[in-house]
Amino acid sequence: MMTVNPQSQYERWLNDPSIDEQTKKELREIAGQTGEIEDRFYRELEFGTGGLRGVMGAGTNRMNRYVIGKATQGFANFLKGVSSSPSVVIAHDSRGNSDVFSLEAACVLAANGIRTYLFRSLRPTPQLSFAVRDLKATGGIVVTASHNPPEYNGYKVYDKDGGQLVPHDAEQVIRQIRLVESFDQVKRLTQAEAEAQGLLVWLGDDEDQRFVDAVKAQVVQPELIKNGAGADLGIVFTPLHGAGSVPIQRVLAQAGFAKVSVVAEQEQPDGMFPTVKSPNPEEQEAFALAIKLAGETGADIIIGTDPDCDRMGAVVKNDKGEFVVLTGNQSGAIMVQYLLSNLKKQGKLPANGAVIKTIVTSEMGADIAQSFGCEVFSTLTGFKYIGELMTKFEETGSHDFLFGYEESYGYLTGTYARDKDAVVASLLICEAAAYYKSQGKTLYEVLLELYEQYGTYLEKLESRTLKGKDGVEKIGAIMNEWRSAPPQEIEGVAVTRMLDYAQGLDGLPAENVLKFMLADGSWFCLRPSGTEPKIKIYFAVRAGGLEEASSSLKKLVDAVMARVDSLA
């Protein structure tokens, strides 16, 4: 982290002639507020697991067009060092200022002689990944803060393969950003100048349809869907005010799903996300309106996507007839089972098939994949690592990528993109639901069958939000305490191993993550978030039934969180 003197940085912004008057007015309103000034200026936003992300407003520790401009100038300098004629694709979601920040980035790139392709309105993040590959661009940018609260925005950077930057490249970009010492070093053309010089190119409907076609190509049993199963499945869909509405409705319709009801109150883009506390498909509260509509329509499945449409959550009826949100691990396991079992039936399962997951993802999907003869790879948290491994497979021909996923609701099948895609995930889980319905089964019943076959896997994620400079220090102290004094046992179960990924284990990049393995096969993992002021704690158990697994999970969570909270 780059540490600076907050007050001097505050005064520097007030006296900088390149800062506009409206921004300075916002800063004058906090004059004398030491805590607020410190929070806005105690550091500069840096790239984490998802690039830049922060609260919008004036300051070095805020998302604004000056921070965007500086980051883009650094990215431009990086690109010109790797290509003689670089080009970039930019997309954004429905958040406030996303369109403004996108255009700002485009105008800075144009001033550096870099041709930029820009969508005229919001698009899903995975479409950006696809477009970088489709247009053979040198890089990409997405302006989004995923499912963060409305006051946040972010800026993610992609490489020529369509994947988010991995640490080696991100560090080079950060180095270039730091060399931009003042805002007058940021080059910028006006929109009109960039367009006139052919350096700002607006993307149209053709690019949208190519993305839709690439997603549709991932359907496993197209004839099954077109011959009645698609028309028989009742679907409720909510884009949660984000970028998923148009592409998902288009893909489902063109694939053959005829009974799709959209939650009207959440269909239109709105960066304030007025109908939910958080636009996060991991949370049941976000599905309240969708569950109500599903009850009215008799739907079989509910799907919801986050604002930039890279995460998908599914809701199904359990054995009591109640709607429940499947966890990311559960949805992933169901999709792995559906995909691999049907590829095998069709004789299309490759001998060198690969499934990729992260180190905090359940082992259930891995067990399923291995039962079909597939090799399973584990990466650090962040889909960029999955994308990086996909590209290595493509370059070496060592494996055929089949499916990649992480517990945080990110999935991908197909090689058209290098980021998680809620569009293809929505298509695949609806196809699975239609297939199993044709066999007289619900997805929940399929899940129970998988538990019977592979064991009952249950997982849980806890997190603690610790904001500001003090929060950063507390998170560091928590990690240091667990690392220096690891537990010998948890609730009478021996801790058999501590995996410290800061040491760069298993050939993975070094990252501040601790994973503790227990004698009964359970595990838990501590990881500071790279995009939010949080520490995340992941838990997983495997038992012989739901009751036993639930009890074991509760004991593990309670014991670990008691120690975490004593340090927070």
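For the helix pairs here, axes are lines fitted to C-alpha atoms over the stretch in contact, and angles run from 0 to 180 degrees between N-to-C directions. Keep in mind that this is a predicted model.

**View 1. Helix α9 meets helix α16 at a slant.** Here the axes of α9 (residues 205-216) and α16 come within 10 Å and cross at roughly 40 degrees. That angle makes α9 oblique to α16, and the crossing is right-handed. On the α9 side, look for F211, V215 and K216; their partners on α16 are V423, V424 and L427. Sorted by class, this contact has five nonpolar residues, one charged and no polar ones.

**View 2. Helix α10 runs across helix α16.** The axes of α10 (residues 222-232) and α16 (residues 422-438) come within 9 Å, crossing at roughly 85 degrees. So α10 sits roughly perpendicular to α16. L224, I225, A229 and D232 are the α10 residues to pick out, and they meet E431, A434, Y435, K437 and S438 of α16. This contact breaks down into five nonpolar, three charged and one polar residue.

**View 3. R123 is a buried arginine in a loop.** You'll find R123 in the loop between β3 (115-119) and α6 (125-134). Its relative accessible area is 13%, so R123 counts as buried, the cut-off being under 20%. The R123 side chain makes a polar contact of 2.8 Å with the side chain of S121. Setting aside neighbours within four places in sequence, R123 touches A91, H92, D208 and A243. To link this view with α16: R123 and E431 are 23 Å apart in space, C-alpha to C-alpha, and 308 residues apart in sequence.

Key:
Residues are numbered from 1 along each chain as its sequence is written. This is a predicted model: local features need pLDDT of at least 70, side-chain atom pairs count only at pLDDT 80 or more; totals for chains, interfaces and linings use all residues. Side-chain values use heavy atoms; hydrogens and water are left out. Helices (H or I, at least four residues) and strands (E, at least two) are DSSP runs, numbered from the N terminus. Angles under 35 degrees count as roughly parallel, over 145 as roughly antiparallel, 65 to 115 as roughly perpendicular and the rest as oblique. Contact means heavy atoms within 4.5 Å. Ala, Val, Leu, Ile, Met, Phe, Trp, Tyr, Cys and Pro count as nonpolar, Asp, Glu, Lys and Arg as charged, and the others, Gly among them, as polar. Buried means under 20% relative accessible area, exposed over 50%, partly exposed in between (1.4 Å probe, protein chains only). A polar contact is a pair of N or O atoms within 3.5 Å; within protein, one must be able to donate a hydrogen and the other to accept it, and residues adjacent in sequence count only if both atoms are side-chain atoms. A crossing is left-handed if the near helix is turned anticlockwise from the far one by less than a right angle, and right-handed if clockwise.
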